[in-house]
Structure formats: structure tokens, C-alpha cells
Amino acid sequence: QTSYLRPTYLEIDQQAIYDNVHHERERLPQSSQLFAVVKADAYGHGLVPVARVCRAAGASGFCVATLDEALVLREAQIVEPILVLGVTSVTTAAIAASQHISLTVADRDWLAAAAQTLAGKNNLPPLALHLAADTGMGRIGFTEPAELQKAAAFVLDHPETFVFEGVFTHFATADQTDLTHFQQQQAKFKQMLAVLPEKPRYIHCANSATSLWHAELAMNMIRFGIALYGLNPSGTVIPAPYPLKPALALYSELVFVKEIHAGDTVGYGATYTAPATEWLGTIPIGYADGWLRRMSGMAVLIEGQRCPIVGRVCMDQIMVKMPAKFPVGSKVTLIGRDGADEITIQEVATYAQTIHYEIACGLDNRLPRHYLPFDPD
Ligand SMILES: Cc1ncc(COP(=O)(O)O)c(CNc2conc2O)c1O
């Protein structure tokens, strides 16, 4: 929603998203498609608007985590292929089939149950399936070539019920400099592909890190997530091979300003005691918005100056120490640039001892999202 009732809001730079996708699209061989990974409300950036920009920039399909997310895209008239990356309940297989949503198969039992559920429903289009190969992520999927082979044979034996649309694996360490585990997974995937009775349309293994630093593994499709939001998959470990444009900023404004004196305390638990006379500002954002309690002590920017959060982060408000009496209504930058300084989501993640994926996905829907326009060149 883009309500303007609240002075605290996310600003999504759609041009940045467009440019990130368009650049990777141009970099990919024509034989490889780019599916935008838009799960978790497009990593907090807004599912439907982001899907539309990615499509305009050359994405030919989408990856989501749940059938619900896929259905939201279909309801928004997104007709392109959608793959649900996680395991979906067999009881919803008919809904997926009816909406031409592709599902992931992680084991044989699911397949047998799905075939049973769909049997006799002749009015349904066949359900498109991607077989998951667990080559070392240790999350979901077939671990042995023979298992994968049998699953593929079963799918191919039921052409009225299933389409063998894809096979994929997911790397656990593509964003690291040590390639040992990555190469083991790559070899295992190759071994598993070799036993397939036939090759499906989509063979895919690349997340953003793989696309950026192992471009030779683009195969038929890449699952492009974090980099489309302009964020480096490795955080700060490996430089990106080309500029990524961060798309997300987070702003608010001062709603209350006061002078406090030596000995005055601030916030729950009275954990901050002013050592001297100071200017204090209160900002309407809190942990219910995803601005975590761990962020106490981290700075926000006001008039280009770093103002540290003092006292505990509340549910809906934070208090910051200011170098001067900035007036009520002053713009506050929590993620983004203000004057000569910038607070990146990476800096926030590092301070909060997590990764930028989690910060972005944790930005609550209570925060209105304002979308800057984009110009499809
Ligand atoms: C199977 C799969 N493919 C592609 C991606 C996209 O990865 P990227 O955003 O690094 O490009 C993810 C992201 N999954 C997760 C990212 O962080 N935690 C996850 O479970 C994924 O789970």
C-alpha cells in the first residue's frame, strides 16, 4: 500500500530494480532465462510492483516460496511462468495446476500422492514440476542420482497429470571465496543430470551469487534474487563484478524534540542516562516495523548528521541523541543517503549481527511503500 498517512515509509527505487535486472539480462546468454526471485514480498520491496518492473526489464518468469505468493501474482495478471521453490502441500496441487503454477518435487512420496490427488481431474491442465536435487544444500530434494532418475521416470509416465518442466539444485556456498563445497555440489549436480531419461526445459542452479561469480553456470535459467534489489549476495566478502543499485531506502521524521539533562534516563528499563544536557529526538519507528531492538546504539541521519539511538528500541518509537535542536518535522534517514553520508542496509545488518536479506525481509507491512517511477528505455 502507498498510504501517505505515516511519516515513516520505505522508498523503492524502481529504476534501480529495472537497471539491475536489465543489466543481468543483457549479460546472460540468450539461451538462459532470468527468473526474478520475488518471494517474501519481494524481499520486503513489494511483490506485485517488483514483479512488474522485473518483467519490464526482461525477466521471463518468477520464483516464489509459497503457492499463496504465486496466486497473488496471478491475481495481479502476471501470466508468466511462476515456480514455487519450497514444498507445497499435495492438497493444493489442483489449484497450482489450474493456475499454471509450477511446483517443486522434493521426494517420491509427494509425487505418488500428487498423482493420486490429481487422478481423474481431467479438466485440469497437467501440473508442471521441477525436481529438486539436493547436492549439498541439505534442505530439500533428492540426494541420489537413482532417486532422481526414478522420479523423472514417474513424471514422464504420467503425461496426462504432470509436465517434467525442470530440475534444479541450490548452492550453499556460492557467496563464499572457498570453492570446495561449491565444486562438490556442481559435480554432484552434473552426475545427477547425467542419469535423467530426458532433459526438461529448465535446468537451473544459479542464485545471484552463482550468476555474478560463476556466470558459466547460467544453464537454461537463473533464479535472480538479492542482486535484483541491488544488494551484494556476499555482503562485503566478494566485490560485485558490476555495479548493483540498491533499491530500498527507509525514511521518517522527528515528531518530538526535547532537551534532557545530566541524570535524566531514556526508554524502557531506563537503560540510558544522559551524562549532560543533550537534545533528544523521538522518531515513529520501532521493532514492530522490523527496526529491531538490537539496533539500539546504531545511528540515523538527520541533516546529514549521525544521531545514535539511545535507550531501548520501543515497539513503535525510537529516541536519538542529536548534536543540535533539529526541529520537529526534520527528515530522518534510517537507510539511505543524507547529504555527504549514507547508511546502507548492509551497515544496518552488520550492526544488528545479521545479513541484509533478513533486514529487508523483516521490514513490516505496516511500513507504507512509496515507489519511485522507472523509465523502461
Ligand atoms: C532455491 C532458491 N533459489 C534462488 C534463491 C535466490 O537467492 P538470492 O536471493 O541469493 O539470489 C533462493 C533464495 N533463498 C534464500 C535467501 O536467503 N535465505 C534463503 O532461503 C532460493 O532459496
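What is the order of the strands in the open sheet of three strands, and with which pairing? The legends below take up this question and other close-up views of a predicted model.

**View A. The open three-stranded sheet.** The strand order is 11-14-17, and the pairing is antiparallel. Strand 11 (256–260) and strand 17 (318–322) form the edges, each of them pairing on one side only. On average, neighbouring strands of this sheet are turned by 30 degrees against each other, direction ignored.

**View B. Pairing of strand 11 with strand 14.** Strand 14 spans residues 278–283 and runs antiparallel to strand 11, to which five bridges join it. One residue pair can be named here: Ile260 has Glu278 of strand 14 as its bridge partner.

**View C. The largest nonpolar core and a second, separate core.** The largest nonpolar core comprises 121 residues. Val38, Leu127, Leu131, Phe162, Trp291, Val300 and Ile318 are the residues with the most contacts inside this core. Helix 3 (residues 47–57) supplies the largest share of the core, namely seven residues. A second core, separate from the largest one, consists of eight residues, among them Tyr272, Leu280, Cys314 and Met319.

**View D. The surroundings of Val300.** Val300 is one of the residues with the most contacts inside the largest nonpolar core. Leaving aside residues up to four places away in sequence, Val300 touches Ile283, Gln305, Arg306, Cys307, Ile309, Ile318, Val320, Val332, Thr333, Leu334 and Ile343. Ile318, one of these contacts, is likewise listed among the residues with the most contacts inside the core.

**View E. Thr354 in the loop between helices 10 and 11.** Thr354 is located in the loop that connects helix 10 (345–351) with helix 11 (356–361). Thr354 counts as buried because its relative accessibility is 18%, and the cut-off for buried residues is under 20%. When residues up to four places away in sequence are not counted, Thr354 touches Arg294, Ala349 and Ile359.

**View F. The ligand and its surrounding residues.** The residues around the ligand are Val37, Lys39, Tyr43, Leu85, Arg139, His170, Asn207, Ser208, Arg223, Gly225, Ile226 and Tyr357.

**View G. Polar side-chain atoms at the ligand.** An N or O atom in the side chain of Tyr43 is 2.5 Å from an oxygen atom of the ligand. For Ser208, a polar side-chain atom lies 2.6 Å from an oxygen atom of the ligand. In the case of Arg223, an N or O atom in the side chain is 2.8 Å from a nitrogen atom of the ligand.

Technical notes: Residues are numbered from 1 along each chain as its sequence is written. This is a predicted model: local features need pLDDT of at least 70, side-chain atom pairs count only at pLDDT 80 or more; totals for chains, interfaces and linings use all residues. Side-chain values use heavy atoms; hydrogens and water are left out. A nonpolar core is a set of buried Ala, Val, Leu, Ile, Met, Phe, Trp, Tyr and Cys residues joined through side-chain atoms within 4.5 Å. Buried means under 20% relative accessible area, exposed over 50%, partly exposed in between (1.4 Å probe, protein chains only). Helices (H or I, at least four residues) and strands (E, at least two) are DSSP runs, numbered from the N terminus. Contact means heavy atoms within 4.5 Å. Two strands pair if DSSP finds at least two bridges between them. Axes are lines fitted to C-alpha atoms, for helices over the stretch in contact, and angles run from 0 to 180 degrees between N-to-C directions. A residue is near a molecule or strand if one of its heavy atoms lies within 4 Å of it. A polar contact is a pair of N or O atoms within 3.5 Å; within protein, one must be able to donate a hydrogen and the other to accept it, and residues adjacent in sequence count only if both atoms are side-chain atoms.
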